[in-house]
Amino acid sequence: EMRIEGPLASRRLLAPPILPVQTSADLLTNSVVQVLVNADGRTVSAVLLPPGSGSISADQDALNIAQNARFESVETAGPGRAPQSASAGLTFGTMIFKWQTVPPTNDEPATAQP
């Protein structure tokens, strides 16, 4: 499951992602990604916060999902509005990924651990 916290939680995610199941012999902690979204709803920055989940693959999946996330846009310009600064419409928040894990089978190796 994924949840969004901070000011970004007030902006609707246009297409909630389908999170991949992670293959791991161990339980994973959450991947937490700090994101900055512009007025158009596009992610302009996504940074994995330490310590990570314990799985390189899960953390990379979290970063990819955060980087490709699209949120509803916010109007920052238009008729009758004052000119806005470059930071107008930017919204910070965190995306928290809680991973479901399945044990590896004989056919696949366990997820790489850092």
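Which backbone oxygen does the side chain of Thr29 reach? The legends below lead to that contact, starting from the whole chain.

**Figure 1. The protein chain as a predicted model.** The chain holds 1 helix and 6 strands. Follow the sequence and the pattern reads β-β-β-β-α-β-β. The helix thus has four strands before it and two after it in that pattern.

**Figure 2. Surface and interior of the protein chain.** The chain has 114 residues, and 34% of them count as buried. Its accessible surface is about 6900 Å². Carbon and sulfur atoms account for 54% of that surface.

**Figure 3. Contacts between distant parts of the sequence.** Take the contacts between residues at least 6 apart in sequence. Of these, 78% link residues at least 24 apart. Thr29 and Gly54 give a pair to look at: they lie 25 residues apart along the chain. Their C-alpha atoms are 6.6 Å from each other.

**Figure 4. Thr29 in its loop.** Thr29 sits between two strands, β2 (22–23) and β3 (31–37). Is Thr29 buried or exposed? Neither label fits: Thr29 counts as partly exposed because its relative accessibility is 47%, and that class runs between the 20% and 50% cut-offs.

**Figure 5. The neighbours of Thr29.** Leave out residues up to four places away in sequence. Thr29 then touches Gly52, Ser53, Gly54 and Trp99. One of these neighbours, Gly52, offers its backbone oxygen to the view. The side chain of Thr29 reaches that oxygen at 3.1 Å. This is the answer to the opening question: the backbone oxygen belongs to Gly52.

Note on methods: Residues numbered from 1 in each chain as written. Predicted model: local features only at pLDDT ≥ 70, side-chain atom pairs only at ≥ 80, totals over all residues. Heavy atoms only, no water. Buried < 20%, exposed > 50% of the residue type's maximum accessible area, 1.4 Å probe, protein only. Contact = heavy atoms within 4.5 Å. Areas by Shrake-Rupley, 256 points an atom, 1.4 Å probe, with all protein chains shown as cover. Polar contact = N/O pair within 3.5 Å; in protein donor to acceptor, adjacent residues only side chain to side chain.
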